[in-house]
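Subject: Structure handover

Hi,

Here is the structure I promised you, and my notes on it follow below. I hope they save you some time when you open the file.

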Amino acid sequence: MLIYDAKSQHEAWLKQASASRTLNQATEEYRRRYNRHPPPGFDEWYNFATSRSSVTIDDFDNIYNDLVRFWAMSPTELRHETWRMISNPWNEISGISIRDGKAEISPNVVPTHRWMLDGVVTLISQFAQWLPDMDLAFNLNDECRVAVPFSHAEDTRKIGEDAGNLAVGKENRWSKDRASGWTPIPEEPNADTSFEDHSFTNTFYRYGSVGCAPSSKARKDRIWNTRDLCTTCAHPHSLGQFVQNWTLAADICHQPDMANLHGLYLSPAAFKTTHNLVPVFSQSKAHGYNDILYPSAWNYMDKVKYEPSDEHPDKPFVEKENTLFWRGATSEGVSAEGTWKGMARQRLVHLVNNLTDSETVPVLLPSASNKGKYEYQTIHGADIRALLHTDIGVVEKIARCGGRDCSDQEAELGLVNPSDFQDHWRYRYLFDLDGAGFSGRFLPFLQSQSLPFKTALFREWHDSRLTAWLHFVPQDLRLHGVHSTLAYFAGVNGK
């Protein structure tokens with residue numbers, strides 16, 4: 001049912017995403033959907049998109065939702081906040097300056113992250129000739145940066161929706177002499193900032209959940225029991241152990257237990273964040289954050305590539321090893337007081353490799369008494385490892401830890417030797433998890449003939465174009481459905 005529904009859902013999305021067949025139709029459709037004129041240069045964008053057979057001509061929901069609140073700010077405010085962020089290197093935010101159709105990197109870029117800005121310049125340069133003079137602020141960290149409290153987020157959204165609508169009658173053109181409105185970025189750093197540093201601390205209550213309504217479970221409830229599964233937290237987006245609604249699964253407002261289930265909330269490595277609405281571009285973000293998403297230079301610059309070869313062939317699916325495979329580092333967050341036990345990567349390794357004989361797991365399997373039906377059966381931990389083939393491991397050393405947490409993790413999780421990234425194509429099933437931000441492996445996984453299993457707190461610019469249960473197999477961050485999902489696809493003793 002989930003797979004069937006996914007196909008229908010994606011077909012419906014494709015139909016509405018590219019309903020227009022002409023520029024005039026696309027323009028009118030934009031006005032109908034978003035109650036405002038399309039931006040200047042929309043005709044150039046339309047030609048650019050259609051010449052590349054883009055599947056998206058009419059769907060700008062993600063962009064609209066990211067930008068609508070900024071219509072509540074004046075151009076002067078936007079320019080000042082952008083300058084304020086870029087001009088202080090402590091913020092770990094750098095700028096791209098566009099002047100006369102050319103994109104350049106602003107001063108004060110952290111050398112270790114210049115590749116990211118180089119990638120953005122390369123991307124923008126393909127269409128910079130049609131862009132107005134402006135400065136853009138890009139987040140250099142993996143973690144999200146802007147967490148606007150619920151009431152202010154609601155207010156600015158309403159103001160933004162009204163500010164640019166067709167009834168106001170604003171013209172579809174850029175303002176004149178735009179370059180003079182942007183204050184030059186100084187060589188000498190500016191010390192002013194609206195960001196606070198809360199790295200290595202629990203961020204869920206101060207930042208992660210502030211975008212939820214005061215009446216939501218994430219704001220009202222605290223889950224002190226970290227041992228047992230919070231079934232009521234998972235229920236709204238689930239069908240039994242399976243993720244039924246991938247979009248809703250990202251919404252932490254009904255999931256107060258998330259405070260203890262991801263490194264971003266438990267103890268992020270680099271967390272400089274603000275409650276102010278400021279225009280920061282980020283590669284990914286968790287629910288409730290107000291960063292503006294853009295295509296990551298990580299993929300654009302081919303930091304991780306799908307590159308099969310004679311030595312590492314990507315065979316047809318049925319010829320691959322019937323195994324669920326993952327390799328990675330403990331990079332999701334920093335652990336010094338046992339917080340690693342809640343982080344998704346460490347929990348996956350423990351769940352798959354360390355179940356004991358005394359532990360049991362409910363697994364959905366074909367019924368022995370009712371042919372054609374499935375039922376949950378209780379399987380002992382040792383039997384799970386024998387019945388389901390997995391190869392899951394932390395590579396080489398424990399990262400981002402302090403005190404005895406380093407040795408405790410090594411003893412509990414074990415370590416495996418590094419392998420060539422192209423080795424992934426040997427396996428039918430590839431697990432994909434967040435690190436400190438989005439996973440850079442996911443797009444190469446999608447290119448392969450393997451089937452990605454994916455769990456993620458972070459969402460990216462392309463999320464609306466990909467459909468769970470069609471392009472990948474979604475997994476809840478609690479990981480309680482991993483065994484049932486693998487059993488369904490890989491089989492258990494011929495069942």
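Let me start with the second largest cavity, which has a volume of about 50 Å³. A cavity here is a set of points, on a 1 Å grid over the protein atoms alone, where a 1.4 Å probe fits but cannot get out. The volume is the space filled by probe spheres set on the points, with grid points joined across faces, edges and corners. Trp-246, Phe-442, Lys-454, Asp-463, Leu-466 and Phe-472 line this second cavity, lining residues being those with an atom within 4 Å of a point. By class, they are 4 nonpolar, no polar and 2 charged residues; Ala, Val, Leu, Ile, Met, Phe, Trp, Tyr, Cys and Pro count as nonpolar, Asp, Glu, Lys and Arg as charged, and the others, Gly among them, as polar.

Before going on, a note on the source: this is a predicted model, in which local features need pLDDT of at least 70 and side-chain atom pairs count only at pLDDT 80 or more, while totals for chains, interfaces and linings use all residues. Residues are numbered from 1 along each chain as its sequence is written, and side-chain values use heavy atoms, with hydrogens and water left out.

The structure has 5 cavities of 30 Å³ or more, and the largest holds about 60 Å³ of space. Its lining includes Trp-246, Met-258, Arg-459 and Asp-476, and divides into 6 nonpolar, 3 polar and 3 charged residues.

Next, the sheet. It is open and parallel, with 5 strands in the order β13-β10-β14-β15-β16. Strands (E, at least two residues) and helices (H or I, at least four) are DSSP runs numbered from the N terminus, and two strands pair if DSSP finds at least two bridges between them. β13 (390-394) and β16 (473-474) are at the edges with a single partner strand each, so one side of each has no neighbour in the sheet. Helix α14 (residues 344-353) packs on the sheet and touches β10 (321-328), β13 and β14 (427-433), where contact means heavy atoms within 4.5 Å.

Finally, there are 3 disulfides in the whole structure, each a pair of cysteine sulfur atoms within 2.5 Å. One of them joins Cys-212 and Cys-253, with the sulfur atoms 2.0 Å apart. That link is left-handed, with -90° about the S-S bond.

Best wishes

Definitions and conventions: On a 1 Å grid over the protein atoms alone, a cavity is a set of points where a 1.4 Å probe fits but cannot get out, and a pocket is an open set with protein on both sides within 12 Å along at least five of seven lines; lining residues have an atom within 4 Å of a point. Axes are lines fitted to C-alpha atoms, for helices over the stretch in contact, and angles run from 0 to 180 degrees between N-to-C directions.
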